[in-house]
Amino acid sequence: MPFFSVIIPLYNKEDFVEQTINSLLHQSHIDYEVIIVNDGSTDNSVKKIESLIDNRFKIINQKNLGASHARNNGIKASKGNYVALLDADDFWHGDHLLELKKLIEKFPSAGLFCNNYEVKRNEDFITSATFNFSFSKDYIIIKDFFEASTITFIPTSSSVAFLKSTFYDVGTYNISLRTGQDIDLWIKLGLKYKVAFNPKITMTYNIYDDNSLSKSKYNSDRYQLINNYNEEEKTNQSLKKYLDINRYALALRCKINKEVTLYKLLKSEINFNNLNFKQKTLINCPKSFLKGIKLFQQFLIKHNI
């Protein structure tokens with residue numbers, strides 16, 4: 001039985017998947033199997049990797065059902081005790097799995113194991129992820145997972161591992177969500193289990209792919225995700241703050257997209273004590289100003305600022 005089962009959902013990533021698979025093949029820790037779930041790709045994604053894969057790999061073909069279905073089906077078919085996730089456009093550094101294994105051995109009772117990561121914002125611009133807590137070089141259990149995630153969520157789909165049994169304990173990926181399924185899973189795990197963190201950067205999260213699902217306009221799904229935890233946030237102040245910041249971000253998106261009803265609903269549900277001055281100001285700014293700010297942000301990223 002392999003130590004890790006690596007699950008890769010694959011949908012139309014022909015420009016990225018070769019680099020992703022090569023980063024997996026060059027891991028220093030080699031006790032793993034790989035389940036690639038081809039989610040109805042219509043490009044050459046599968047053909048691109050046929051010459052790279054070996055007997056540790058298994059490809060499952062399904063019609064296009066989305067990332068939640070793909071990851072659930074991949075995990076169901078896996079044989080390892082620990083699941084490590086890898087998106088088909090992200091990149092693992094050579095010690096990623098080894099560092100996850102060390103983190104697991106340090107904190108075996110934790111429910112979610114997270115390595116630090118960097119963010120690829122365009123072809124030539126990479127920055128470190130920014131979290132709302134201090135850390136040094138030591139592996140740690142995060143004291144307040146939701147408070148620590150109010151700037152950027154600590155886990156991403158390619159930086160984590162968890163026990164397969166833990167995944168089923170909290171209820172798997174929510175197949176009703178077309179976006180944010182991973183965040184939903186992190187919330188479920190964070191509510192029930194300790195979260196372990198390794199400060200060493202071992203993977204590159206690609207957010208500049210134009211085909212990325214995260215750039216979709218599924219705002220109703222984002223609203224559903226947030227409000228799945230209405231009961232839990234009543235007794236968990238840190239979760240309430242985290243969700244309010246997400247409500248704020250979604251409200252800005254809705255205002256820009258002219259979704260006035262959802263914008264007003266989100267605004268009414270926010271405890272404004274959980275927002276800083278900048279956030280309180282922006283949520284009341286006109287749409288034209290917000291669009292200008294967004295364009296300026298894109299300009300800065302384009303010029304590696």
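**Helix 11.** I began with the outward side of helix 11, where the face turned away from the buried side carries the exposed residues Thr261, Lys264 and Ser268. I keep in mind throughout that this is a predicted model. Turning to the other side, I listed the buried residues of helix 11, which spans residues 260-269, and found Leu262, Tyr263 and Leu266. These three cover an arc of only 105° around the axis, so they sit on the same side of helix 11. I noted the general rule behind such a pattern: an α-helix has 3.6 residues a turn, so residues three or four places apart point the same way. I then asked what the buried residues of helix 11 pack against, and the partners are helix 8 (219-227) and helix 10.

**The loop before helix 11.** I looked up Lys258, which has its place in the loop between helix 10 and helix 11. Its phi is near 65°, and I flagged this as a positive value in a residue other than glycine. Lys258 is exposed, with a relative accessible area of 60%.

**Thr172.** I made the corresponding entry for Thr172, whose phi is near 65°, again a positive value in a residue other than glycine. Thr172 lies in the loop between helix 6 (164-170) and helix 7 (181-192). Is Thr172 buried or exposed? At 18% relative accessibility Thr172 counts as buried, because the cut-off for that class is under 20%.

**Thr150.** Another loop threonine I checked is Thr150, found between helix 5 (145-148) and strand 9 (160-163). I recorded Thr150 as buried, since its relative accessible area is 12% and the cut-off is under 20%. A polar atom of the Thr150 side chain lies 2.9 Å from the backbone oxygen of Glu147. Leaving out residues up to four places away in sequence, I found that Thr150 touches Asn132, Lys241, Tyr242 and Ile245.

**The nonpolar core.** I went on to the largest nonpolar core, which has 83 residues, and noted Val6, Leu24, Phe162 and Trp186 as those with the most contacts inside it. Helix 10, residues 237-256, gives the most to this core, with nine residues. For Leu24 I wrote down the contacts beyond four places in sequence, and these are Val6, Ile8, Tyr32, Val34, Phe57, Leu86, Trp92 and Leu97. As general background, nonpolar side chains tend to be buried together in soluble globular proteins.

**Strands 1 and 2.** I followed Tyr32 and Val34 into strand 2, residues 32-39, where eight of the eight residues are buried. Both faces of strand 2 are covered, with Tyr32, Val34, Ile36 and Asn38 buried on one side and Glu33, Ile35, Val37 and Asp39 buried on the other. I also checked the pairing, and strand 1 (residues 4-10) runs with strand 2 in the parallel sense over seven bridges. Leu10 has Asn38 as its bridge partner in strand 2.

**Cysteines.** How many disulfides does the structure hold? I found zero disulfides. Cys254 is in no disulfide, and the nearest cysteine sulfur, that of Cys285, is 16 Å away. Cys285 is likewise in no disulfide, with the sulfur of Cys254 as its nearest cysteine sulfur at 16 Å. I noted Cys254 as buried at a relative accessible area of 0%, and Cys285 also counts as buried, at 12% relative accessibility.

Technical notes. Residues are numbered from 1 along each chain as its sequence is written. This is a predicted model: local features need pLDDT of at least 70, side-chain atom pairs count only at pLDDT 80 or more; totals for chains, interfaces and linings use all residues. Side-chain values use heavy atoms; hydrogens and water are left out. Helices (H or I, at least four residues) and strands (E, at least two) are DSSP runs, numbered from the N terminus. Buried means under 20% relative accessible area, exposed over 50%, partly exposed in between (1.4 Å probe, protein chains only). A polar contact is a pair of N or O atoms within 3.5 Å; within protein, one must be able to donate a hydrogen and the other to accept it, and residues adjacent in sequence count only if both atoms are side-chain atoms. Contact means heavy atoms within 4.5 Å. A nonpolar core is a set of buried Ala, Val, Leu, Ile, Met, Phe, Trp, Tyr and Cys residues joined through side-chain atoms within 4.5 Å. A disulfide is a pair of cysteine sulfur atoms within 2.5 Å. The arc is that of the directions from the helix axis to the C-beta atoms. Two strands pair if DSSP finds at least two bridges between them.
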